[in-house]
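User: I would like to go through the fold and the packing of this protein. Could you take me through it?

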Amino acid sequence: MENEKNADVVIYGSIGETIHADKFEIGFGGKGANQCVAAARLGAKTALVAKVGNDKQGSDYLKKLLSEKVNIDYVKQCADVPTGFAQITVSKEGNNQIVIVSGANGELNKSDVRTAQSLFENSKLLLCQLETPIDGTLEALQAFKGISILNASPALKDMPINLIKAASILCVNETEAALITNRANITNVQQAENAAKELLDMGTKCVIITLGSNGVIYADNNEKYQCGHIPVDKVENIVDTTGAGDSFLGALAYHMTKYSKKDMKSHIVFACRAAAFSIQSRGTQSSFPFASDISIDE
């Protein structure tokens with residue numbers, strides 16, 4: 001698994017010009033690290049290729065990853081660049097707004113991918129994101145021989161076609177799918193299905209579009225899988241949606257490698273259960289389930 005790590009500052013309150021917050025927390029985040037921790041908590045053997053600053057935040061993060069049983073052999077500390085930072089504002093309804101400062105994440109490059117070649121050769125699945133420079137991400141996707149998932153987030157309006165084609169699976173939410181396919185927005189299942197078909201026409205091998213409470217759309221150019229909509233059960237107690245997508249992806253990666261003979265619907269249903277669990281408590285990594293928290297179909 002690959003990419004970035006951030007120190008997260010989370011503010012709970014109202015979202016507007018002037019914010020009156022009810023609570024303030026500092027935690028650990030970054031999509032790559034989040035997804036890695038989410039998979040590790042469920043029992044996956046994970047490793048991270050990333051960069052942090054040679055500062056307190058970076059050192060604390062390395063200790064945190066070790067406590068989560070994540071391999072950090074390929075995480076480097078940069079001497080003159082701070083650890084990445086994200087400010088997250090969470091509304092009373094549980095919705096979030098995120099501002100990211102890249103910091104050391106912006107230093108991850110092709111040479112770091114090449115350094116981790118032995119890790120790539122011994123891994124079943126690679127999970128990438130777009131909070132680090134594209135050239136390194138593309139190098140990783142093209143070098144990896146197993147199953148690869150690209151979480152195209154934050155989304156790019158003019159996303160390079162070779163990046164779209166590079167991964168085994170492209171995973172985006174409705175906002176990201178709309179941006180990549182030049183739609184004003186995606187507000188229902190039919191619009192998501194149309195966007196998925198367009199992404200396939202653009203060269204994506206498989207696409208997953210997460211729609212929050214409206215479930216998930218899955219489409220594949222491989223005739224072994226069928227395009228379809230997977231609904232989700234309603235979650236009554238939504239506390240904080242921050243990290244729900246990362247919980248989904250970490251669980252998806254875990255389930256795909258652990259239960260490789262199961263179909264994609266089974267993988268997605270499990271990932272949805274993990275995401276649903278995570279939004280019922282505050283925080284990002286702290287909200288991710290352990291294997292004992294959710295049922296795992298054998």
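Analyst: The exchange below covers the overall make-up, the nonpolar cores and a sheet. Please note that this is a predicted model.

User: How many helices and strands does the protein have?

Analyst: There are 10 helices and 12 strands.

User: What share of the residues is buried?

Analyst: Of the 298 residues, 51% are buried.

User: And what about the largest nonpolar core: which residues touch the most other members?

Analyst: Phe120, Leu150 and Ile209 do, in a core of 38 residues. Helix H8, residues 189-201, gives the most to this core, contributing five residues.

User: Is there another core, and which residues belong to it?

Analyst: A separate core of 29 residues includes Leu127, Ile169, Cys171 and Ile294.

User: Turning to the sheet, what is the strand order?

Analyst: Six strands make an open sheet with mixed pairing, ordered S7-S8-S9-S10-S11-S12. Its edges are strand S7 (125-129) and strand S12 (228-230), each of which pairs on one side only. On average, neighbouring strands are turned by 20 degrees against each other, direction ignored.

User: How many bridges join S10 to S11?

Analyst: Five bridges join strand S10 (residues 206-210) to strand S11 (residues 216-220), and the two run antiparallel. Within this pair, Val207 stands opposite Ala219 in S11.

User: Which strands does helix H1 touch?

Analyst: Helix H1 (residues 31-42) packs on the sheet against S7 and strand S8 (147-151), and its direction makes about 145 degrees with that of S7. H8 also packs on the sheet, touching strand S9 (169-173), S10, S11 and S12. The direction of H8 makes about 155 degrees with that of S10.

Note on methods. Residues are numbered from 1 along each chain as its sequence is written. This is a predicted model: local features need pLDDT of at least 70, side-chain atom pairs count only at pLDDT 80 or more; totals for chains, interfaces and linings use all residues. Side-chain values use heavy atoms; hydrogens and water are left out. Helices (H or I, at least four residues) and strands (E, at least two) are DSSP runs, numbered from the N terminus. Buried means under 20% relative accessible area, exposed over 50%, partly exposed in between (1.4 Å probe, protein chains only). A nonpolar core is a set of buried Ala, Val, Leu, Ile, Met, Phe, Trp, Tyr and Cys residues joined through side-chain atoms within 4.5 Å. Two strands pair if DSSP finds at least two bridges between them. Axes are lines fitted to C-alpha atoms, for helices over the stretch in contact, and angles run from 0 to 180 degrees between N-to-C directions. Contact means heavy atoms within 4.5 Å.
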